[in-house]
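Trainee: Could you walk me through reading contacts, burial, helices and pockets in a model like this one?
Mentor: Sure, let's get it on screen and start with a single residue.

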Amino acid sequence: MGLLKILQHPDKRLRKKAKPVKKIDKKIQKIIHDMLETMYKKKGIGLAATQVNIHLQIIVIDITKDKKKPIILINPKKTYEYGIIQIEESCLSISNVTKNINRSHIIKIEALNYYGQKTKISAKDLLSICIQHEMDHLQGKLLIDY
């Protein structure tokens with residue numbers, strides 16, 4: 001495993017749209033391990049592959065205090081959203097900037113997991129916000145765009 005370099009705004013590579021992962025193999029799983037290690041080291045709660053200059057639809061998230069329950073989302077698609085929630089968001093790719101953004105309070109996501117199995121996730125509150133923030137990265141969108 002190894003730490004990955006997190007791209008910093010205004011790096012134009014943060015604006016690239018991520019492509020779907022076609023096959024989940026050892027190479028993709030290594031990327032996931034490296035992304036988790038990088039996210040934990042930088043004390044983040046979410047990281048999109050775009051942020052580490054890998055333009056594939058991969059997201060890692062862990063909002064737990066003990067950092068032992070990572071969520072892996074590959075090729076995520078939002079299938080449901082309801083309500084509005086807002087907190088002050090920050091980003092590992094944009095230093096010293098926070099922003100209040102209206103997000104869907106409750107969402108449902110379909111994605112592939114670490115093993116390539118289809119998974120469905122219902123999320124609310126902080127997890128919902130984090131997933132939406134990271135999905136924005138996969139589209140080349142940053143919190144400063146709001």
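**Reading the model, feature by feature**

Mentor: Leaving out residues up to four places away in sequence, S93 touches I6, L7, Q8, H9, L14 and Q51, where contact means heavy atoms within 4.5 Å. This is a predicted model, so local features need pLDDT of at least 70 and side-chain atom pairs pLDDT 80 or more, while totals for chains, interfaces and linings use all residues. Residues are numbered from 1 along each chain as its sequence is written, and side-chain values use heavy atoms, with hydrogens and water left out.

Trainee: Is S93 buried or exposed?

Mentor: Buried means under 20% relative accessible area, exposed over 50%, and partly exposed in between, with a 1.4 Å probe and protein chains only. S93 has 0% relative accessibility, so it counts as buried. S93 sits in the loop between β4 and β5 (94-100), and a polar atom of its side chain is 2.9 Å from the backbone oxygen of L7.

Trainee: How should I read a helix, say α1?

Mentor: Helices are DSSP runs of H or I with at least four residues, strands are E runs of at least two, and both are numbered from the N terminus. The expected span is 1.5 Å times one less than the number of residues. Helix α1 (residues 26-41) has 16 residues, so it should span 22 Å, and its end C-alpha atoms are indeed 22 Å apart.

Trainee: Which elements do the buried residues of α1 pack against?

Mentor: An α-helix has 3.6 residues a turn, so residues three or four places apart point the same way. In α1 the buried residues include I28, I31, I32, M35 and M39, and the buried residues of this helix pack against β1 (46-48), β2 (58-61) and β3 (71-85). As for the ends, D25 caps the N-terminal one, with a side-chain oxygen 3.2 Å from the backbone nitrogen of K27, and α1 is followed by K43, whose phi is positive, near 60°.

Trainee: What about L138?

Mentor: L138 belongs to helix α2 and counts as buried because its relative accessibility is 3%. Sequence distance can mislead you here: L138 and V52 are 86 residues apart along the chain, yet their C-alpha atoms are separated by 11 Å. Beyond its neighbours within four places in sequence, L138 is in contact with residues including K16, A48, L56, I58 and P76.

Terms used
Polar contact = N/O pair within 3.5 Å; in protein donor to acceptor, adjacent residues only side chain to side chain.
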